[in-house]
Amino acid sequence: QHMPDNMRRALLVDEEPRDHKANLLIKEAGRVFMSHVAEGKNGMSYKSFYDVYLQPFMGCFSCPKTRFVLSSIDLDADGSLSWREWRFWCMWALRCFPEEIGNIDELHSVVLRNAIIP
């Protein structure tokens, strides 16, 4: 699967959230994500991402639906999930559902419930 050009452009934008609360949440999301990235790596393996974010939403790592979800988040289709890719989805959630997001757990849940696993 290849990323559409418009998504690739959006992924490359280093836009900061305009809202103070959203800015704090995106920074916290980055800290959480990077705390789970192995030293010397640029992103998480699918398994690590599943363990950290998806396990409460998906019953098994190797199931086809889980693999589809992971490949949907992996915008550049390189087999790992970078902060830039996860940040894209977090920014989307902060723009589209700000009233549903009051903390980091809600941010992650909104991304997964509304974009990734609808």
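Visitor: Which residues of helix 3 meet helix 4?

Guide: In this predicted model, Y46, F49, Y50 and L54 are the helix 3 residues that meet helix 4. Across from them, helix 4 offers T66, R67, V69, L70, S71 and I73. Sorted by class, the contact of helix 3 with helix 4 has seven nonpolar, two polar and one charged residues.

Visitor: How do I read the way these two helices pack, and at what angle do their axes cross?

Guide: Two packed helices are described by the angle between their axes and by the distance between those axes. Here, the axes of helix 3 (residues 46–54) and helix 4 (residues 64–73) come within 11 Å and cross at roughly 100 degrees. Angles of 65 to 115 degrees count as roughly perpendicular, so helix 3 is roughly perpendicular to helix 4.

Visitor: Let's turn to helix 2. At what angle does helix 2 cross helix 5?

Guide: Their axes cross at roughly 150 degrees and come within 10 Å. Angles over 145 degrees count as roughly antiparallel, which means that helix 2 is roughly antiparallel to helix 5. The crossing of helix 2 past helix 5 is right-handed. Helix 2 makes the contact through A22, L25, I26, A29, G30, F33 and M34, and helix 5 through W83, W86, R87, C90, M91 and L94. By class, this contact of helix 2 with helix 5 has 11 nonpolar, one polar and one charged residues.

Visitor: And what is the arrangement of helix 2 with helix 6?

Guide: The axes of helix 2 and helix 6 (residues 104–116) come within 10 Å and cross at roughly 85 degrees. That angle makes helix 2 roughly perpendicular to helix 6. On the helix 2 side, L25, E28, A29 and V32 take part, facing I104, L107 and H108 of helix 6. The classes in the contact of helix 2 with helix 6 are five nonpolar, one polar and one charged.

Visitor: Now for empty space. What is the volume of the largest pocket?

Guide: Rolling a probe the size of a water molecule over the atoms shows where empty space is left. In this model, the largest pocket has a volume of about 170 Å³. It is lined by 11 residues, and P17, D19, A22, L94 and R95 are the closest to its centre.

Visitor: Which helix supplies the largest share of that lining?

Guide: Helix 5 does, with three residues. Helix 2 (20–35) and helix 5 (83–96) each supply at least two residues of the lining. By class, the lining of the largest pocket divides into six nonpolar, no polar and five charged residues.

Terms used. Residues numbered from 1 in each chain as written. Predicted model: local features only at pLDDT ≥ 70, side-chain atom pairs only at ≥ 80, totals over all residues. Heavy atoms only, no water. Axes fitted to C-alpha atoms, helices over the stretch in contact; angles between N-to-C directions. Helix = DSSP H or I, 4+ residues; strand = E, 2+ residues; numbered from the N terminus. Parallel < 35°, antiparallel > 145°, perpendicular 65-115°, else oblique. Contact = heavy atoms within 4.5 Å. Nonpolar A, V, L, I, M, F, W, Y, C, P; charged D, E, K, R; others polar. 1 Å grid on protein atoms, 1.4 Å probe; cavity = no way out; pocket = protein on both sides within 12 Å on 5 of 7 lines; lining within 4 Å. Points joined across faces, edges and corners; volume = space filled by probe spheres on them. Left-handed = near helix turned anticlockwise from the far one by under 90°.
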